[in-house]
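Please take a moment with the sequence and the model before reading on. The paragraphs that follow go from a pair of helices to two sheets and then to an enclosed space.

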Amino acid sequence: MNRPSRRTSQTLLVIDDEAPILTAFERAFASESTTVLVAENATDGEAVFMETRPDVVVIDLSLPDMSGLECFRRLHKVDPRVPVIFITGHGTVETAIEATQLGAYDFLFKPLELDEMRQLLEKAFNLSRMVRVQPVLADEEDTVADAIVGRCRAMKEVYKAIGRVASQNLTVLLLGESGTGKEVVAQAIYHHSARSDGPFQAINCAAIPDALLESEIFGHEKGAFTDAHRQRIGKLEQADKGTLFLDEVGDMSPMTQAKILRVLQDQTFERVGGNTPIKVDARIIAATNHDLKKLVSEGLFRADLYFRLSVVSIHLPPLRQREDDLRVLAEYFLRKYSNEFGKDIRTLAPETLELLEQYHWPGNVRELESAMKQSLLIARGNVLLPEFVPRLSDGSTPLISGKSEDEYLSKSFVAERLDAGSKNLYAEAIRTAESQLFRQVLQHTAGNQLKASSILGISRVTLRSKLKALGIEAADFAGGG
């Protein structure tokens with residue numbers, strides 16, 4: 001059993017009596033941003049859980065002092081919102097299914113596939129953040145939690161709408177362009193609702209192929225299709241007594257739309273391949289960047305589902321329409337990431353603000369956040385100057401030339417960082433090079449991650465993980481060439 005010396009951005013607890021498994025998790029997932037804690041039995045695991053309150057837990061179903069299921073029950077009683085992933089050998093499928101029905105996040109079979117585990121942990125960490133970090137209005141200088149930032153009139157209307165609907169058990173539809181903050185608003189509604197102690201499940205309908213989305217939401221029975229070797233409990237069933245967030249709901253297939261409609265009408269559904277109605281009590285919050293009314297008129301989205309989803313609609317304005325919020329947001333992100341990058345930059349030079357205001361920001365708040373993170377990588381001093389801002393381009397003519405693309409890791413870059421007294425130059429250089437490489441490749445593939453991963457010679461899971469760490473959105477490159 002071990003404990004961290006300090007709390008990093010996220011913590012993983014692994015409870016397994018096989019030393020090679022524990023070592024593999026430590027080697028694969030321990031990093032500057034992730035602490036991996038290990039325990040060889042349930043008793044030690046419970047003690048570490050009580051002391052550190054990890055973000056995600058991985059439990060082997062077969063432990064020496066008690067069953068993994070009993071261990072899960074004890075941890076779940078302490079904090080039911082922590083995502084728990086089971087790993088299991090052969091012959092324990094029914095127990096794993098039972099654990100999922102009781103609220104476990106998911107389970108995998110040994111031997112474990114690294115990419116599959118990495119992808120699952122990434123989703124679990126994101127869910128843990130959404131469930132445990134309550135968004136706040138970012139007014140204080142030292143705010144570091146997830147925040148809904150903005151003082152313009154349109155955002156004040158958003159705040160009022162959150163306050164009106166959070167305590168009501170109503171379906172909510174969040175509308176807005178990609179990157180406007182719909183996920184954080186959904187998170188805020190959940191945290192201020194009467195279901196805040198219940199489970200929260202989130203699904204990005206655009207990120208999952210149509211053939212798998214229905215199973216992801218509703219689950220499936222063993223034998224429902226070719227690869228259905230076991231029963232699967234879907235996210236809707238796991239969200240019972242809690243909240244299900246359906247992001248990019250406009251990308252659902254007609255079949256999935258019909259099943260969601262039934263859930264909204266009578267709170268029942270059937271797993272894929274099953275014929276037994278299952279009752280569920282889950283609040284649904286949906287979000288989309290599509291014009292659903294237009295999709296309805298084109299016959300691509302069910303009118304009856306649209307009316308059911310839009311009982312309450314909240315529209316999030318694009319960044320270009322948010323008056324003076326650009327400066328507020330930019331300075332907020334500088335404060336938020338300043339410590340992470342070892343800098344003390346909290347304000348913008350007037351010329352920098354003027355530069356940012358000239359840009360259209362098609363990626364909205366998410367793109368601005370990415371730009372501020374990249375700026376901090378090479379910035380020095382206490383004020384963000386224009387030369388530290390990355391090239392801003394919406395696919396047409398860049399608004400600034402900045403440094404040429406092959407100049408970031410030149411002798412001058414290294415010299416600048418040495419003069420600034422960098423203590424982490426290797427990581428800064430690698431991150432800068434990766435950011436430049438991935439952006440150029442994504443521009444070449446017009447945001448197609450499958451093509452990009454093939455060109456780079458890495459898996460899509462690895463590419464997605466890298467893009468997330470660098471704050472790069474592949475969708476921002478759609479339409480490029």
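Two residues are said to be in contact, or to meet, when heavy atoms of theirs lie within 4.5 Å. The model shown here is a predicted one, and a useful place to begin is the meeting of two of its helices. In this sense of contact, Asn126, Arg129, Met130, Val131 and Arg132 of helix H5 meet Glu183, Gln187, Tyr190 and His191 of helix H7. The residues that take part in this contact of H5 with H7 are of mixed character, with 3 nonpolar, 3 polar and 3 charged. H5 covers residues 114–132 and H7 covers residues 182–191, and the two pack with their axes 8 Å apart, at an angle of about 50°. That angle makes H5 oblique to H7.

Turning to the sheets, one open sheet consists of 5 strands with parallel pairing, in the order E2-E1-E3-E4-E5. Strand E2 (34–39) and strand E5 (106–109) stand at its edges, and because each has a single partner strand, one side of each is left without a neighbour in the sheet. Between neighbouring strands of this sheet the average turn is 20°, with direction ignored. Strand E1 (residues 10–15) runs parallel to E2 and is joined to E2 by 6 bridges, and within this pairing Leu12 has Val36 in E2 as its bridge partner. Helix H2 (residues 42–52) packs on the sheet, where H2 touches E1, E2 and strand E3 (56–60), and the direction of H2 makes about 165° with that of E1. H5 packs on this sheet as well, touching E1, E2, E3, strand E4 (84–88) and E5, and the direction of H5 makes about 135° with that of E3.

Another open sheet, also of 5 strands with parallel pairing, has the order E9-E12-E15-E8-E16. Here strand E9 (200–204) and strand E16 (312–315) are the edge strands, each with a single partner strand, so one side of each has no neighbour in the sheet. Its neighbouring strands are turned against each other by 15° on average, direction ignored. Strand E8 (residues 172–175) and strand E15 (residues 283–288) run parallel and are joined by 4 bridges, with Leu173 standing opposite Ala286 in E15. H5 packs on this sheet too, touching E9 and strand E12 (243–247), and its direction makes about 130° with that of E9.

What remains is the enclosed space. The structure holds 1 cavity of 30 Å³ or more, and the largest cavity contains about 30 Å³ of space. Phe49, Phe72, Leu75, His76, Asp79, Val82 and Val84 line the largest cavity, a lining of 5 nonpolar, 1 polar and 1 charged residues. Helix H3 (residues 68–78) gives the largest share of that lining, with 3 residues.

Methods:
Residues are numbered from 1 along each chain as its sequence is written. This is a predicted model: local features need pLDDT of at least 70, side-chain atom pairs count only at pLDDT 80 or more; totals for chains, interfaces and linings use all residues. Side-chain values use heavy atoms; hydrogens and water are left out. Axes are lines fitted to C-alpha atoms, for helices over the stretch in contact, and angles run from 0 to 180 degrees between N-to-C directions. Angles under 35 degrees count as roughly parallel, over 145 as roughly antiparallel, 65 to 115 as roughly perpendicular and the rest as oblique. Ala, Val, Leu, Ile, Met, Phe, Trp, Tyr, Cys and Pro count as nonpolar, Asp, Glu, Lys and Arg as charged, and the others, Gly among them, as polar. On a 1 Å grid over the protein atoms alone, a cavity is a set of points where a 1.4 Å probe fits but cannot get out, and a pocket is an open set with protein on both sides within 12 Å along at least five of seven lines; lining residues have an atom within 4 Å of a point. Grid points are joined across faces, edges and corners, and a volume is the space filled by probe spheres set on the points. Two strands pair if DSSP finds at least two bridges between them.
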